[in-house]
Amino acid sequence: MSDFHAAHGRLYGLMAEFDNRYDLIEAAKRSHAAGYRKMDAYSPMPIHGLEEALGFHEWRMPMLVLLGGIFGCVGGFSLMYWMAVHAYPMNIGGRPNYSWPAFIPPAFETTILCAAFAAVFGMLALNGLPRPHHPVFSVPGFALATRDKFFLCIESADPLFQVEATRKFLESLHAKEVNEVER
Amino acid sequence: MGSLAASMDLAGMRRKALLVGGIALAASAPGLMADPEQFFRSYLVAYLYWAAIPTGCLALLMLHHLVGGEWGIVIRRMLEAGTRTFLLVLLLLAPVLLNLPRLYIWARPDVVAHDKLLQHKAAYLNTGFFLGRTAFYFAAWMLLAFLLNKYSTAQERDKTNGWKGKLQTVSGIGILVYGLTVSFASVDWVMSLDPHWFSTIYGVMFMVGGALTTLSFVVIMLSRLAQAQPMAALLKPSHFHDLGNLMFAFVMLWAYVAFSQFLIIWSGNLPEEIPFYLHRFHGSWGVIAVALLLFHFALPFILLLLRVIKKKAQVLARVAMLMMFMRLVDLIWMVTPSFHGERISLHWLDLTLPVGVGGIWVAYFLSQLSNRPIEPVEAHLIEAPHAAVEGGH
């Protein structure tokens with residue numbers, strides 16, 4: 001019971017430190033196999049296969065970008081149509097007001113613009129950024145996650161999380177060190 | 001997938017290709033007697049379609065040497081085999097070169113005598129210079145293919161990094177040579193069919209289209225090779241994902257380039273440029289134009305957007321087959337209206353000759369492919385899926 005309180009009160013999770021990316025991927029795989037789901041990995045560079053090892057499925061971002069692109073495409077084309085046909089019809093070279101080939105380049109540009117906006121702002125929103133502080137920063141040596149160390153954090157919010165058992169589990173994964181992450 | 005064959009039956013595939021090609025060519029022979037004009041027009045389309053693959057192989061091979069990446073390592077043997085087919089590609093061009101006046105009006109003195117514009121262009125568009133330029137293109141492509149294959153063999157033998165630098169040097173210069181020669185070749189072989197018309201983006205359209213045909217062909221071949229060792233053990237879903245992404249990029253680039261040419265000519269609406277699109281949009285060719293928009297761009301764009309499709313070899317191969325078919329449709333749409341104007345006029349030779357030329361070329365390609373090991377040259381650079389992890393168990 002005290003374990004439970006510790007998990008939900010003081011602790012954000014347990015952070016294991018690794019020397020190389022292979023140990024990190026292996027640890028992520030085994031944690032996922034052991035049933036842990038609320039966890040995250042931190043590394044100095046992108047690692048191929050880490051997402052799969054963590055069981056991380058991100059479908060919201062691609063979907064947001066796609067929706068942004070579709071919105072930009074339809075919006076850009078409609079804008080051109082409204083301007084050229086209704087708001088400000090003009091005789092350009094004797095062409096009909098509705099000359100769709102001329103609408104394509106602006107529609108193409110607004111597609112990219114809105115998709116890019118969706119990507120940048122969607123990423124910030126889904127990451128909960130901007131955010132001045134995060135509990136993982138309290139772990140000693142965590143700054144090395146931007147240099148040459150690799151970290152795996154199992155969060156106390158995970159239903160399987162139990163301080164002692166989870167610590168033992170992480171230590172069995174060739175972790176150099178396991179630290180408590182205080183809130 | 002069930003048990004894997006110990007090795008790929010390349011000889012069997014070659015026999016099949018040769019048989020299909022031989023039958024299609026034999027079936028086309030009566031066409032040569034009955035309607036030689038049509039025969040050479042259809043033959044030119046078939047030739048352009050398949051000649052795009054060896055040149056595309058050359059371009060992708062040099063691109064791979066310059067930028068690296070596992071996608072290139074796993075297809076390098078095929079690209080190299082493709083570049084070793086230029087002798088056959090040159091031989092296949094002979095029927096065109098021997099019948100220039102049938103295909104190109106600038107090669108008919110009686111037409112040129114009554115055409116002021118063609119007289120002005122005669123300094124460039126004349127038979128001697130045309131043959132000389134074509135000889136130069138092939139000399140350049142063969143030299144590049146020879147050097148790239150020679151250094152590649154040396155790299156495999158010595159297992160040193162010294163040859164890599166040489167391959168990169170050849171590729172750096174070669175990719176410039178490729179750009180210029182393919183641009184000029186497309187102007188000479190195709191654009192000059194309609195010598196009054198011109199477009200400065202024409203060469204790029206052929207380069208992009210050729211790269212797309214080549215990538216599709218390579219994906220289909222790789223999906224076959226993936227069913228047997230040694231490739232079965234080496235290939236990962238990520239390789240097909242990468243190749244699928246490249247196909248996606250070239251589908252978009254094709255649309256971008258094709259639309260650019262259209263937009264500029266449509267905006268200008270000038271009498272010497274616009275007939276190209278009047279012929280291809282009005283009348284029955286317009287149906288093909290819509291089909292191209294739907295099946296050469298929209299459908300593959302959506303399909304190749306999906307990771308599920310790109311990561312599965314056999315599914316991606318299906319998309320690649322669609323692309324290869326649409327490439328032929330695009331080429332027919334680009335070339336054939338130059339002869340016939342607005343009315344769609346598909347001849348049965350337009351179908352049998354691409355199959356015939358293709359069968360012969362594919363058979364030769366497969367024999368070149370089986371001349372050397374299938375195992376990639378730099379197989380050790382392919383990262384096994386979490387190799388270090390597997391050892392931990």
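Reader: How much area is buried between chain A and chain B?
Author: The model is predicted. Carbon and sulfur atoms give 66% of the area buried between the two chains. The total for chain A and chain B is about 1,300 Å².

Reader: Which residues of chain A lose the most area to chain B?
Author: Three residues stand out on that side. Together they make up 35% of what the side of chain A buries. They are A:Tyr22, A:Arg95 and A:Pro101.

Reader: Which helices of chain A each supply at least two residues of the side that touches chain B?
Author: On that side, 18 residues of chain A are in contact with 17 residues of chain B. Two helices meet the mark of at least two residues each. They are α2 (21-34) and α5 (100-126).

Reader: How do the residues on that side of chain A divide by type?
Author: The groups are nonpolar, polar and charged. The count is 9 nonpolar, 3 polar and 6 charged.

Reader: How many salt bridges and how many polar contact pairs does the rule find across the interface?
Author: A salt bridge needs a side-chain nitrogen of Lys or Arg within 4 Å of a carboxyl oxygen of Asp or Glu. Across the interface of chain A and chain B, the rule finds 0 of these. Residue pairs in polar contact, both at pLDDT 80 or more, number 2.

Reader: Which helix gives the most to the nonpolar surface patch?
Author: The patch covers about 860 Å² and includes A:Trp59, A:Met63, B:Leu305 and B:Val308. B:Val308 sits in helix α15 (residues 307-311) of chain B. The top contributor gives 5 residues: helix α4 (residues 60-87) of chain A.

How values were computed. Residues numbered from 1 in each chain as written. Chains lettered and ligands numbered in written order. Predicted model: local features only at pLDDT ≥ 70, side-chain atom pairs only at ≥ 80, totals over all residues. Heavy atoms only, no water. Contact = heavy atoms within 4.5 Å. Buried area = accessible area lost by both parts, 1.4 Å probe. Polar contact = N/O pair within 3.5 Å; in protein donor to acceptor, adjacent residues only side chain to side chain. Helix = DSSP H or I, 4+ residues; strand = E, 2+ residues; numbered from the N terminus. Nonpolar A, V, L, I, M, F, W, Y, C, P; charged D, E, K, R; others polar. Patch = residues over 30% accessible without salt bridge, like charges linked within 9 Å, V, L, I, M, F, W, Y side chains within 5 Å. Areas by Shrake-Rupley, 256 points an atom, 1.4 Å probe, with all protein chains shown as cover.
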